[in-house]
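Me: Please take a close look at one part of this model, the surroundings of a single cysteine, and set what you find there against the rest of the chain. I would like one connected account.

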Amino acid sequence: MESCRPLALCALAAALLLGARGHEPPEPPEPPRRDRDLAPAAASHEKELIEALQEVLEKLKSKRIPHYEKKFGQVPMCDAGEQCAVRKGARIGKLCDCPRATSCNSFLLKCL
């Protein structure tokens with residue numbers, strides 16, 4: 001009997017919600033926004049922003065590295081004499097691997 005009471009309350013609440021939903025007046029749909037609704041200066045400014053965004057996206061597309069060229073977990077190779085690490089406080093972060101016959105000098109942080 002105790003388990004029937006919560007079930008009856010849920011059914012009553014659902015019936016009230018469904019009944020109340022039909023009595024609300026429907027909201028009128030908003031008219032679509034058009035460029036002619038905007039002021040001429042705002043429309044031209046918006047077009048300039050869209051063109052600038054398209055240029056940036058085109059530049060980013062050309063800079064992407066294909067997924068088959070990415071090497072996860074590997075550090076790129078650097079040339080002899082090039083900076084191979086960065087020091088932050090007591091820690092040293094590796095930027096690149098030095099070529100054979102050279103090693104990253106922990107004082108100068110260059111391949112020697």
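Reply: Leaving aside its neighbours within four places in sequence, Cys-104 is in contact with Cys-84, Ala-85, Cys-98, Leu-109, Lys-110 and Cys-111. The model is a predicted one, and the contacts of Cys-104 should be read in that light. Cys-104 itself has its place in the segment after β2, and with a relative accessible area of 34% it counts as partly exposed, because that value falls between the limits of 20% for buried and 50% for exposed. One of its partners, Cys-84, is 20 residues away along the chain, yet the C-alpha atoms of the two cysteines are separated by 6.2 Å.

Several of these partners reappear when the nonpolar core is considered. The largest such core has 7 residues, namely Cys-78, Cys-84, Ala-85, Cys-96, Cys-98, Leu-109 and Cys-111. Cys-104 does not qualify as a member, because a core residue must be buried and Cys-104 is partly exposed at 34%. As a general background, nonpolar side chains in soluble globular proteins tend to be buried together. Within the core, Cys-98 has its own set of contacts beyond four places in sequence, made up of Met-77, Cys-78, Cys-84, Ser-103, Cys-104 and Cys-111.

Leu-109, another partner of Cys-104, is found in the segment after β2 and is buried, with a relative accessible area of 11%. Its backbone deserves a careful look, since phi of Leu-109 is near 60°, a positive value in a residue other than glycine. Ala-101 also has a positive phi, near 70°, and is likewise not a glycine; it lies in the segment after β2, a strand that spans 91–94. Ala-101, however, is exposed, with a relative accessible area of 88%, whereas Leu-109 is buried.

Ala-85, which touches Cys-104 and belongs to the core, leads from this region to the strands. Strand β1 covers residues 85–88 and pairs with β2 in the antiparallel sense over 4 bridges, and in that pairing Ala-85 stands opposite Lys-94 of β2. The hairpin formed by β1 and β2 has 2 residues between the strands, and there Gly-89 takes a positive phi near 70°.

Lys-94 in turn leads to a charged pair, as its side chain meets that of Asp-97 in a salt bridge, with 2.8 Å from N to O. The structure holds 1 salt bridge. Lys-94 is exposed at a relative accessible area of 57%, while Asp-97 counts as partly exposed at 25%. In general terms, side chains of opposite charge can pair when their charged atoms come close.

For the wider setting, the protein comes to 2 helices and 2 strands, running α-α-β-β from the N terminus on. Of its 112 residues, 7% count as buried, and the accessible surface comes to about 10,700 Å², of which 60% belongs to carbon and sulfur atoms. Among contacts between residues at least 6 apart in sequence, 20% join residues at least 24 apart. Nonpolar side chains are also found on the surface, where Leu-53, Val-56, Leu-57 and Leu-60 make a patch of about 370 Å²; of these, Val-56 is found in helix α2, residues 40–63, and is partly exposed at 45% relative accessibility.

Note on methods:
Residues are numbered from 1 along each chain as its sequence is written. This is a predicted model: local features need pLDDT of at least 70, side-chain atom pairs count only at pLDDT 80 or more; totals for chains, interfaces and linings use all residues. Side-chain values use heavy atoms; hydrogens and water are left out. Patches are made of residues with over 30% relative accessible area and no salt bridge: like charges are joined within 9 Å, nonpolar side chains (Val, Leu, Ile, Met, Phe, Trp, Tyr) within 5 Å. Accessible areas come from the Shrake-Rupley method with a 1.4 Å probe; for residues, only the protein chains shown count as cover. A salt bridge is a side-chain nitrogen of Lys or Arg within 4 Å of a carboxyl oxygen of Asp or Glu. Buried means under 20% relative accessible area, exposed over 50%, partly exposed in between (1.4 Å probe, protein chains only). A nonpolar core is a set of buried Ala, Val, Leu, Ile, Met, Phe, Trp, Tyr and Cys residues joined through side-chain atoms within 4.5 Å. Contact means heavy atoms within 4.5 Å. Two strands pair if DSSP finds at least two bridges between them.
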